[in-house]
Amino acid sequence: MSEERNIDPFSILILVLSVIAIVTELIGPFAGFYLGGGNYRYSCLDCEYSTGFDYTMQIIIIILFVIQIVIALNELLPNKFIPMDITKFGIYLAILSWVFAIIALASFGIAYMAFEWWPELGFYGMVVGGLLNTILFFLQQRNK
């Protein structure tokens, strides 16, 4: 006889969205501004125009998404390595990830308010990933 194990689709989606959010931050800039004369500058993990605050927030948000990946993996594995229910903790981490992304963008905008500035791929990946993970963690908690 075989045991039937139900795989949680919310955890799979959270895992995929968290990985996508991290990748968008790693490969794309977080925000950019127009310096003038055809020169554009960007804030990213390896760019020189990041402010100290938005750079720190980008790293913290990546850590938050890594923890969300761990929570999703914990729900997917048959033998959980964290025995208690931590889905509610995942909701809080997902909310913090998009709130911190908005705060980081505001910090960048304040620092470069003399220039024309805009959000980039890294910001959108973090905000969309955080919002969708918040919804998915909520639905996962509700369906338990």
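Here are some short exercises on the structure above, each with a worked solution.

The model is predicted, so local features need pLDDT of at least 70 and side-chain atom pairs count only at pLDDT 80 or more, while totals for chains, interfaces and linings use all residues. Residues are numbered from 1 along each chain as its sequence is written, and side-chain values use heavy atoms, with hydrogens and water left out.

**Exercise 1. Get the overall layout**

Task: work out how many helices and strands the chain has, and in what pattern they follow along the sequence.

Solution:
- Step 1. Tally the elements: there are 4 helices and 3 strands. Helices here are DSSP runs of H or I with at least four residues, strands are E runs of at least two, and both are numbered from the N terminus.
- Step 2. Read along the sequence to get α-β-β-α-α-β-α.
- Step 3. Put a box around the C-alpha atoms: along the principal axes, they fill roughly 70 × 25 × 20 Å.
- Step 4. Check burial: 42% of the 144 residues count as buried. Buried means under 20% relative accessible area, exposed is over 50%, and partly exposed is in between, with a 1.4 Å probe and protein chains only.

**Exercise 2. Follow the helix packing**

Task: find how α1 and α2 are packed, then do it again for α2 with α3 and for α3 with α4.

Solution:
- Step 1. Pick the descriptors. Two packed helices are described by the angle between their axes and the distance between the axes. The axes are lines fitted to C-alpha atoms, for helices over the stretch in contact, and angles run from 0 to 180 degrees between N-to-C directions.
- Step 2. Take α1 and α2: the angle is about 155° and the axes are 9 Å apart. That makes α1 roughly antiparallel to α2; the label needs an angle over 145 degrees, whereas under 35 is roughly parallel, 65 to 115 roughly perpendicular and the rest oblique. Their crossing is left-handed, which means the near helix is turned anticlockwise from the far one by less than a right angle (clockwise would be right-handed).
- Step 3. Move on to α2 (residues 52–76) and α3 (residues 87–111), which pack at about 160° with axes 9 Å apart. So α2 is roughly antiparallel to α3. The crossing of α2 past α3 is left-handed, and their contact has 17 nonpolar, 5 polar and 2 charged residues. For those classes, Ala, Val, Leu, Ile, Met, Phe, Trp, Tyr, Cys and Pro are nonpolar, Asp, Glu, Lys and Arg are charged, and the others, Gly among them, are polar.
- Step 4. Finish with α3 and α4 (residues 121–142): about 160° again, with axes 8 Å apart. That makes α3 roughly antiparallel to α4, and α3 passes α4 in a left-handed crossing.

**Exercise 3. Pin down the disulfide**

Task: find which cysteines are joined by a disulfide, and decide whether it is right-handed or left-handed.

Solution:
- Step 1. Look for cysteine sulfur pairs within 2.5 Å, the cut-off for a disulfide. The structure holds 1.
- Step 2. Name the pair: Cys 44 and Cys 47, with S to S at 1.8 Å.
- Step 3. Check the torsion about the S-S bond: it's about 75°, so the disulfide is right-handed.
- Step 4. Compare the two ends: Cys 44 counts as buried at 7% relative accessibility, while Cys 47 counts as partly exposed at 27%.

**Exercise 4. Look at a loop residue**

Task: place Thr 51 and find which side chain it contacts.

Solution:
- Step 1. Thr 51 sits in the loop between β2 (39–43) and α2.
- Step 2. Its relative accessibility is 15%, so Thr 51 counts as buried.
- Step 3. Its side chain makes a polar contact with that of Asp 54 at 2.4 Å. A polar contact is a pair of N or O atoms within 3.5 Å; within protein, one must be able to donate a hydrogen and the other to accept it, and residues adjacent in sequence count only if both atoms are side-chain atoms.

**Exercise 5. Sequence gap versus space**

Task: set the sequence separation against the C-alpha distance for Val 19 with Phe 65 and for Tyr 34 with Tyr 112.

Solution:
- Step 1. Val 19 lies in α1 (residues 9–27) and is partly exposed at 39%. From Val 19 to Phe 65 is 46 residues in sequence and 7.7 Å in space.
- Step 2. Tyr 34 belongs to β1 (residues 31–36) and is partly exposed at 28%. Tyr 34 and Tyr 112 are 78 residues apart in sequence and 9.5 Å apart in space.
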